Amino acid sequence: MRIGIIGAGRMGQALTGLFVEAGHDVVLANSRGPQSLAALTTQFGEHASAADVPGAVKGSDLVILATPWGRTAEAVSAVEDWSGVVVVDTTNNRSKPGPDGLIDIGDRISSEVVAEFMPGARLVKAFNTTPIPFLVKGLGAAAGEDNAVYMAGDDSDAKALVGALIASVGGEAVDTGDLHTGGWLQGMSGPLAGTLEMLTPTDARNRLAKALELVR
Ligand SMILES: NC(=O)c1ccc[n+]([C@@H]2O[C@H](COP(=O)([O-])OP(=O)(O)OC[C@H]3O[C@@H](n4cnc5c(N)ncnc54)[C@H](OP(=O)(O)O)[C@@H]3O)[C@@H](O)[C@H]2O)c1
């Protein structure tokens, strides 16, 4: 796949490493322009390159959104038309780890807020529930049984594509439902957020089943 990644910080780089290792082509974008990413993309090898935000989106099979919550609207506004683009939303409404970092969005579901920034995009929320070091350790060449990655979304074809991407890096996608319900379960105030370990798909599904009892 050709994967555009908006945000070349901790999450963007962690996923770039996994995707490049799996043979995907990655186009990274940040706020400072492709020239600022030259040294970084060189480190990742020939399957990584840099572009501006529209350039990372255009021609990509899917786009990863890995920007800080407070800068996401501005980042995605660089693209005029998001219609039909499959977007993996890794963002969380927090400014830093820990309870102090939570950014209040009232009763709203974070991915529904993000979806409003990019009308027409086929949003899938994934990779957001586990801190990056655990994610990196659990996926990739060293992936073992603790390889579950939660995802939520309204578009089944988009989820199938994201599921294939997750499988390509040694993971197994566990579908938490639509963007509203699954997005809440996976969101900062939901019961699946902040899992400080990778889970087996069976454990992840059991945790999901218990979590779903809260919304019934
Ligand atoms: N850290 C974790 O363990 C973890 C786990 C799950 C989910 N997440 C979520 O992942 C997201 C990214 O977190 P992070 O830790 O990777 O953040 P980070 O290290 O601060 O990196 C943020 C990246 O976003 C880019 N960016 C900011 N504004 C932009 C704009 N207008 N256009 C294009 N790019 C822009 C930055 O580029 P510049 O440097 O050029 O400004 C930078 O490359 C957050 O929403 C976070 O909640 C993080």
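Modeller: Before we start, one definition: a polar contact is a pair of N or O atoms within 3.5 Å. Please also keep in mind that the model is predicted.

Colleague: Understood. How far is the backbone N or O atom of Asn92 from an oxygen atom of the ligand?

Modeller: The distance is 3.3 Å. That pair is a polar contact, because 3.3 Å falls within the 3.5 Å cut-off.

Colleague: Which residue offers a polar side-chain atom to an oxygen atom of the ligand?

Modeller: Asn30 does, with a polar side-chain atom 3.4 Å from a ligand oxygen. Ala8 also takes part, through a backbone N or O atom that lies 2.7 Å from an oxygen atom of the ligand.

Colleague: How much of the ligand does the protein bury?

Modeller: The ligand taken alone exposes 910 Å², and the protein buries 83% of that.

Colleague: Which pocket does the ligand take up?

Modeller: The ligand fills space that belongs to the largest pocket. Two elements each give two or more residues to the shell around the ligand, namely α1 (10-21) and α4 (72-76).

Colleague: How many residues of that shell are nonpolar, polar and charged?

Modeller: The shell holds eleven nonpolar, ten polar and four charged residues.

Colleague: And which residues come nearest to the ligand?

Modeller: Of the 25 residues around the ligand, the nearest are Ala8, Met11, Ser31, Arg32 and Thr67.

Colleague: Back to Asn92. Where is Asn92 found?

Modeller: Asn92 belongs to the loop between β5 (86-89) and α5 (110-117).

Colleague: Is Asn92 buried or exposed?

Modeller: Asn92 is buried, because its relative accessibility is 14% and the cut-off for buried is under 20%. In addition, Asn92 and Met188 are 96 residues apart in sequence, while their C-alpha atoms are 6.5 Å apart in space.

Colleague: Let us change topic. Where is Pro68, and is Pro68 in a loop or a helix?

Modeller: Pro68 is in the loop between β4 (62-65) and α4. Pro68 counts as partly exposed, at 49% relative accessibility. Its C-alpha atom is separated by 9.6 Å from that of Thr90, a residue 22 positions away along the chain.

Colleague: What is the phi of Phe127?

Modeller: Phe127 has a positive phi of about 65°, although Phe127 is not a glycine. Phe127 sits in the loop between β6 (122-126) and α6 (132-138). Phe127 is also buried, with a relative accessible area of 2%.

Colleague: Where is Lys125 found?

Modeller: Lys125 is in strand β6. At 0% relative accessibility, Lys125 counts as buried.

Colleague: With which side chain does Lys125 make a polar contact?

Modeller: The side chain of Lys125 contacts the side chain of Ser111, at 3.4 Å.

Colleague: Which helix holds Gly138?

Modeller: Gly138 is found in helix α6, and Gly138 is buried, with a relative accessible area of 8%. Gly138 lies 108 residues from Asn30 in sequence and 26 Å from Asn30 in space, C-alpha to C-alpha.

Colleague: One last residue. Is Ser156 buried or exposed?

Modeller: Ser156 counts as exposed, because its relative accessibility is 56% and the cut-off for exposed is over 50%. Ser156 is found in helix α7, which covers residues 156-168.

Colleague: How far apart are Ser156 and Leu139?

Modeller: They are 17 residues apart in sequence and 23 Å apart in space, C-alpha to C-alpha.

Technical notes
Residues numbered from 1 in each chain as written. Predicted model: local features only at pLDDT ≥ 70, side-chain atom pairs only at ≥ 80, totals over all residues. Heavy atoms only, no water. Near = heavy atom within 4 Å. Polar contact = N/O pair within 3.5 Å; in protein donor to acceptor, adjacent residues only side chain to side chain. Areas by Shrake-Rupley, 256 points an atom, 1.4 Å probe, with all protein chains shown as cover. 1 Å grid on protein atoms, 1.4 Å probe; cavity = no way out; pocket = protein on both sides within 12 Å on 5 of 7 lines; lining within 4 Å. Sits in = over half its atoms within 2 Å of the grid points. Helix = DSSP H or I, 4+ residues; strand = E, 2+ residues; numbered from the N terminus. Nonpolar A, V, L, I, M, F, W, Y, C, P; charged D, E, K, R; others polar. Buried < 20%, exposed > 50% of the residue type's maximum accessible area, 1.4 Å probe, protein only.
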